[in-house]
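Reader: Could you walk me through the charged side-chain pairs here, and tell me what justifies each label?

Author: Gladly; let us look together.

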Amino acid sequence: MPVRSSYDYAVIRVVPRVEREEFVNVGVLVSCPQAKLLVAGIELDPRRLLALDPDVDIDAVRLHLQAIERICAGGVDSGPIGQLPPRARFHWLTAKRSSIIQLSPVHTGRCLQADAIVEHLLQRMVRVAAPRD
């Protein structure tokens, strides 16, 4: 019988004008210690972001989102935070901030396939549903 794994996740948000508190969900951060998984799934839709702020620097946003991916991957390219254990990196990334890149509160779930949870969460939390006829 398959074993269910517990995982924690947070939604990655871009808040182009922090004072307005409007945001676009652009990805998910997932930690599943049992599966040795710490990963960010990111899908930036520049059109949605530009709808909130036509002056947002999309290239700068991409660089910051890539930094999240590097920290998740760890290793020598990931800077000092990327050298921490995976759970410490997850907690550092999900710490509350008042910046253009923010993460939602942490949520917990259970799954049978940890490697499929990122795709599930992207579909549910980030991607825009196709209009119905």
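Reader: How many salt bridges does a search of the whole structure find?

Author: The search finds seven salt bridges, and please keep in mind that this is a predicted model.

Reader: Why is the pair of Arg87 and Asp8 called a salt bridge?

Author: The closest N and O atoms of Arg87 and Asp8 are 2.8 Å apart. The cut-off is within 4 Å, so the label applies. Arg87 lies in helix H3 (residues 86-93) and Asp8 in strand S1 (residues 5-14), so this pair ties together parts 79 residues apart in sequence.

Reader: What makes Asp8 buried or exposed?

Author: Asp8 has 14% relative accessibility. Buried means under 20%, so Asp8 counts as buried. Its partner Arg87, at 28%, falls between 20% and 50% and is therefore partly exposed.

Reader: How do you know that Arg20 and Glu22 meet in a salt bridge?

Author: Their N to O distance is 3.1 Å, and that value is within 4 Å, so the pair qualifies. Arg20 at 43% and Glu22 at 28% are both partly exposed, because each value lies between 20% and 50%.

Reader: And why is Arg47 called exposed?

Author: Arg47 has a relative accessible area of 66%; exposed means over 50%, so the word fits. Arg47 also forms a salt bridge with Asp45, with the closest N and O atoms 3.4 Å apart, a value within the 4 Å cut-off.

Reader: Which residues are linked in a network of salt bridges?

Author: Those are Glu43, Glu119 and Arg127.

Definitions and conventions:
Residues numbered from 1 in each chain as written. Predicted model: local features only at pLDDT ≥ 70, side-chain atom pairs only at ≥ 80, totals over all residues. Heavy atoms only, no water. Salt bridge = Lys/Arg side-chain N within 4 Å of Asp/Glu carboxyl O. Helix = DSSP H or I, 4+ residues; strand = E, 2+ residues; numbered from the N terminus. Buried < 20%, exposed > 50% of the residue type's maximum accessible area, 1.4 Å probe, protein only.
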